[in-house]
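Work through the exercises below with the sequence and the model at hand. Each task is followed by a solution in steps.

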Amino acid sequence: YEIFGLQNGTAVFIIQALLHLCAVTLFCRVIRSSMGDRATYIAAVLLLLSPVIFKMTFSLYREGLALSVFLFAASAMIRWIQTRKWYFAVIAGFLLGIEILIYAPFLLLPIFLIPFFLFLKLRWQHIVLFLCAVALACAPWVVRNIQLQGSPCFTGCYRSVLQWHVRGEQAEQLHGLEPLKCLYAEYISRDWTGRSPYCSFNAVWHMQWPEGFIGVPADAAIAREGQHKILTHLPNYLWMSLFEIVEFHIPFVGAFGGTPFNLLISIGMLITYIGCAFWFWALASRRRLTVIEGLLITIMVYAIALFALTDATPRYLLPLFFCYAALSGIGFDHFFSHVLRKRHHPGIQ
């Protein structure tokens, strides 16, 4: 701001772009020895040149910062796994704690990673150090909230109330193919005629609290009521959660850049998903996960399950984009290798 002036977004854009460039460079250097040159280069191209990356960098979404920090955290975790050094466990934990401060839905990810780390036979002392580092990074925010509000409120004092209330209402009200029709209205037709008013997450909570976030109380009784409705209508809840997974993977388009840029974003995401499909082909051929793939899949399973059971939008996938880019790089590498082998040995099936 000293250079660009106060409230000048250019300073933020430049710093965020440089941070992302550094994060991608580090991540690719760490994965290169395991994934190979071509797969790493493809992943780097996706992480640097995908249109959705430009949208994040120059739109001030918190997901852009979350992606860059997650790249640093994942790089540290991979180095910890490769070297088994305690200080990489501490660095990885601290960076993941910073990531949680930026993006609270990852709050339980460190716990979710413990079985994976134990499977790799990492020392339990190092895992404890990792968890302590996560807690140390988050502690100042928790202490601050307790002092000001009397509660840790890590994900927001009202957020769990809001989440459970809305999903409970949707589980009770949405049946059959209505979730699919809701997605069609939201992302394709933009025509809400005849659609249930419970289609939209935001619309449902605005029915209850029209004054916005400030009106949502931190009332555990409201959350329990929502959870009771979910259990009462569990098949509907699980059925809609499948469509939350679909929505999670829809390209993140919007007003930024207009229709041509939205089309480029959609094409870029489609290319990434095609690469991920090739990765499944590669996995079926060798029938085993590498360590890096195992880490990426563990992170993806956690996030997809979490957002499916709470609330998903296409924007929420973006902090995980590096996982999809890396798997896509491996997939395209396998595809190109297969094509080259067939060209030199036509008898290969």
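A patch is made of residues with over 30% relative accessible area and no salt bridge, and nonpolar side chains are joined within 5 Å. The model used here is predicted.

**Exercise 1.** Find which residues make the nonpolar surface patch of about 900 Å², and state which helices each supply at least two of them.

Solution.
- Step 1. The patch is made by Ile-3, Phe-4, Ile-14, Leu-18, Leu-21, Val-45, Leu-48, Leu-49, Phe-54 and Phe-58.
- Step 2. Helix H1 (9-35) and helix H2 (37-49) each give at least two residues to this patch.
- Step 3. Take one member, Leu-48, which sits in helix H2. Its relative accessibility is 30%; partly exposed covers the range between 20% and 50%, so Leu-48 falls in that class.

**Exercise 2.** Describe the largest cavity: what is its volume, and which residues line it?

Solution.
- Step 1. Searching the whole structure gives one cavity of 30 Å³ or more.
- Step 2. The largest cavity holds about 40 Å³ of space.
- Step 3. Its lining consists of Gln-16, His-20, Ile-53, Met-56, Thr-57, Gly-64, Leu-67 and Ser-68.
- Step 4. At least two lining residues come from each of H1, helix H3 (51-57) and H4.
- Step 5. Sorted by class, the lining has five polar, three nonpolar and no charged residues.

**Exercise 3.** State how many residues line the second largest pocket and how they divide into classes.

Solution.
- Step 1. The space in this pocket is about 250 Å³.
- Step 2. The second largest pocket has 15 lining residues, and those nearest its centre are Ser-34, Met-35, Thr-290, Glu-293 and Ile-330.
- Step 3. Two or more lining residues come from each of H1, helix H4 (62-83), helix H13 (258-286), helix H14 (291-309) and helix H15 (321-344).
- Step 4. The lining divides into eight nonpolar, four polar and three charged residues.

**Exercise 4.** Leu-60 and Lys-121 each have a positive phi. For each, decide where the residue lies and whether it is buried, partly exposed or exposed.

Solution.
- Step 1. Leu-60, a residue other than glycine, has a phi near 60°. Leu-60 is in the loop between H3 and H4.
- Step 2. The relative accessible area of Leu-60 is 47%, under the 50% limit for exposed, so Leu-60 is partly exposed.
- Step 3. Lys-121 is not a glycine either, and its phi is about 65°. Lys-121 belongs to the loop between helix H6 (109-119) and helix H7 (124-149).
- Step 4. Lys-121 has 70% relative accessibility; exposed means over 50%, so Lys-121 is exposed.

Technical notes:
Residues are numbered from 1 along each chain as its sequence is written. This is a predicted model: local features need pLDDT of at least 70, side-chain atom pairs count only at pLDDT 80 or more; totals for chains, interfaces and linings use all residues. Side-chain values use heavy atoms; hydrogens and water are left out. Patches are made of residues with over 30% relative accessible area and no salt bridge: like charges are joined within 9 Å, nonpolar side chains (Val, Leu, Ile, Met, Phe, Trp, Tyr) within 5 Å. Accessible areas come from the Shrake-Rupley method with a 1.4 Å probe; for residues, only the protein chains shown count as cover. A salt bridge is a side-chain nitrogen of Lys or Arg within 4 Å of a carboxyl oxygen of Asp or Glu. Helices (H or I, at least four residues) and strands (E, at least two) are DSSP runs, numbered from the N terminus. Buried means under 20% relative accessible area, exposed over 50%, partly exposed in between (1.4 Å probe, protein chains only). On a 1 Å grid over the protein atoms alone, a cavity is a set of points where a 1.4 Å probe fits but cannot get out, and a pocket is an open set with protein on both sides within 12 Å along at least five of seven lines; lining residues have an atom within 4 Å of a point. Grid points are joined across faces, edges and corners, and a volume is the space filled by probe spheres set on the points. Ala, Val, Leu, Ile, Met, Phe, Trp, Tyr, Cys and Pro count as nonpolar, Asp, Glu, Lys and Arg as charged, and the others, Gly among them, as polar.
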